[in-house]
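Work through the exercises below with the sequence and the structure at hand. Try each task before reading its solution.

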Amino acid sequence: MEKRALLKYAYDCTEFYKEKYAGIDLDGDWGNIPVASKGEIAHGGISVISSKYFSRLGGPGMITDVTSGSTGECLEVHIAEAEQKKSLLSLWLYRKKYYGIDTRSRLCYFYTFRDGRGEAFFEYRKNGLGFLKSRLREEHLEEICNQMYDFEPEWLLLQPGVAMVLARYLFENGLEPIPGVRYIELTGEMFSEEQRKFISRAFDAPVASQYGCNEVGTIAYECPFGHLHVMEHNVYVEVVREGSVAGEGEYGNILVTAKNQLAMPFIRYDTGDVGRICQVACQCGKSGSVLELSGARKNDMVTLESGEMVCASLFCRVFQAIARRIDGRIFQYRVEQLGINEFVVSIATDEREEEMETLFRDFIRETELKDATFRFAFARYLLPEERTGKFQFFTNHVSRSIYG
Ligand SMILES: [Zn+2]
């Protein structure tokens with residue numbers, strides 16, 4: 001279905017969109033169609049479900065997935081199995097084309113605790129071996145890696161934070177890459193070019209980025225030439241800035257309209273991510289929309305003394321600048337704002353701690369946070385948050401928005 005047909009379908013089949021679009025001309029300018037937020041949809045309950053699917057909910061052929069925001073709130077997503085398959089079709093085509101990976105290839109992945117899955121530390125499903133993410137602790141790394149060696153996966157589907165921890169474990173212990181792994185897909189968070197190289201070297205396999213969310217599935221996939229191509233068969237993507245559609249190359253909030261999610265329509269759905277769309281004729285043979293993500297989410301905002309909010313990507317820039325000046329590596333970092341002008345910076349690095357601190361203070365002085373106080377915590381590994389399973393690179397404890 002094209003976006004206009006999807007819009008009308010959502011209006012006709014759900015109470016949520018019928019109410020949301022009351023008085024709106026559905027044939028009018030697309031940019032005037034109201035944006036749907038995660039919070040609204042999470043509170044919408046059954047009203048977001050298409051009436052055509054009511055009788056099938058919870059039955060065979062339907063999948064329920066719970067997705068959590070950065071602050072831990074949950075959104076229950078209902079998907080028809082057949083539609084989920086359709087939504088993944090192009091992704092599988094590209095995995096096959098570039099890396100020879102198909103649905104039968106042996107896979108290792110990490111999962112967060114979900115209802116109905118029990119509390120097992122790992123699970124064997126079809127041709128996959130999954131590990132519970134909260135198991136990712138230093139004392140279990142040897143065991144996890146041994147299980148992976150025994151399983152002999154052909155590819156790994158990992159969050160960049162998980163991949164960094166595993167890559168370091170292999171690298172620093174002088175372990176061989178896992179034989180047979182010929183592709184690593186990173187998803188769920190941003191990662192830097194340095195992190196990509198490190199992971200690729202430790203596992204001796206190419207790394208590609210897949211951008212998506214549980215709600216709509218895959219949104220964009222990186223080709224071997226480094227472009228994050230929009231998966232046009234699955235989503236319609238747009239970028240809005242201060243309420244209007246952004247111009248080409250302008251950064252703003254990424255909205256998606258799902259083409260294969262009819263059980264629970266997502267129309268102009270705000271992903272919470274910030275990025276821009278460029279039109280690229282790529283060497284891979286694909287031309288069209290390419291996404292560039294800013295690295296921070298819409299809610300990753302730092303509170304300044306004046307009450308003003310600035311994007312936390314300023315820390316990404318500071319760490320990029322530091323990385324260029326040191327001989328060692330910054331494996332991971334995390335910044336928490338505890339109060340106005342009060343921050344804790346956690347870093348996993350093999351660089352001298354004093355050197356890191358000095359450089360950080362030098363570079364931060366050139367930003368809006370020149371008067372702030374920073375405390376440093378050096379950790380061997382930065383691990384996912386127990387509650388959400390996420391690696392938040394920035395958390396603002398001063399003003400937390402409800403939905404991330
Ligand atoms: Zn390309």
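Two residues are in contact if their C-beta atoms, placed from the backbone, lie within 7 Å. The model used here is a predicted one.

**Exercise 1. Find the helix that lies across strands E19 and E20, and give the angle at which it runs to E20.**

Solution. Step 1: locate strand E19 at residues 342–349 and strand E20 at 373–378. Step 2: look for the helix that lies across both strands; this is H9, residues 353–364. Step 3: take the angle between H9 and E20, which is about 150 degrees.

**Exercise 2. State the order of the strands in the open sheet that contains E20, and explain why one side of E20 and of E21 has no neighbour in the sheet.**

Solution. Step 1: the sheet has four strands, in the order E20-E19-E18-E21, with mixed pairing. Step 2: E20 and E21 (394–396) are at the edges and have a single partner strand each, so each has one side without a neighbour in the sheet. Step 3: from one strand to the next, the twist averages 15 degrees. Step 4: for the pairing of E21 with strand E18 (residues 330–339), the sense is parallel and there are three bridges. Glu-336 has Thr-395 in E21 as its bridge partner.

**Exercise 3. Describe how domain 1 and domain 2 touch.**

Solution. Step 1: the domain assignment places domain 1 at 82–225 and domain 2 at 301–396. Step 2: their C-alpha centres are 26 Å apart. Step 3: domain 1 brings 13 residues to the contact and domain 2 brings 11 residues. Step 4: on the side of domain 1 that touches domain 2, helix H6 (residues 160–172) supplies the largest share, four residues. Step 5: by type, that side of domain 1 has six charged, four polar and three nonpolar residues.

**Exercise 4. Decide whether Ser-313 is buried or exposed, and list its contacts beyond four places in sequence.**

Solution. Step 1: Ser-313 belongs to helix H8 (residues 313–325). Step 2: a residue counts as buried if 20 or more other C-beta atoms lie within 10 Å of its own. Ser-313 has 20 such atoms within 10 Å, so Ser-313 is buried. Step 3: with neighbours within four places in sequence left aside, Ser-313 is in contact with Ser-294, Gly-295 and Ala-296. Step 4: for Glu-15, the C-alpha to C-alpha distance to Ser-313 is 38 Å, and the two are 298 residues apart in sequence.

**Exercise 5. Locate the largest nonpolar core relative to the two domains.**

Solution. Step 1: this core has 61 residues, and Ile-219 and Val-256 have the most contacts inside it. Step 2: H8 gives the most to the core, five residues. Step 3: the core lies between domain 1 and domain 2, because both give residues to it. Step 4: beyond four places in sequence, Ile-219 touches several residues, among them Tyr-211, Val-230 and Val-256. Step 5: a second, separate core has 32 residues, including Phe-131 and Leu-156.

**Exercise 6. Name the strands joined by bridges to E13, and say how many of the residues of E13 are buried.**

Solution. Step 1: E13 covers residues 252–258, and seven of its seven residues are buried. Step 2: strand E11 (residues 235–241) runs antiparallel to E13, with six bridges. One bridge pairs Tyr-236 with Thr-257 in E13. Step 3: strand E14 (residues 269–281) is also antiparallel to E13, with four bridges. Here Asn-253 has Val-274 in E14 as its bridge partner.

Definitions and conventions. Residues numbered from 1 in each chain as written. Predicted model: local features only at pLDDT ≥ 70, side-chain atom pairs only at ≥ 80, totals over all residues. Pairing = 2+ DSSP bridges. Helix = DSSP H or I, 4+ residues; strand = E, 2+ residues; numbered from the N terminus. Axes fitted to C-alpha atoms, helices over the stretch in contact; angles between N-to-C directions. Domains from an automatic or database assignment. Nonpolar A, V, L, I, M, F, W, Y, C, P; charged D, E, K, R; others polar. Buried ≥ 20, exposed ≤ 12 C-beta atoms within 10 Å, placed from the backbone. Core = buried A, V, L, I, M, F, W, Y, C linked by C-beta atoms within 7 Å.
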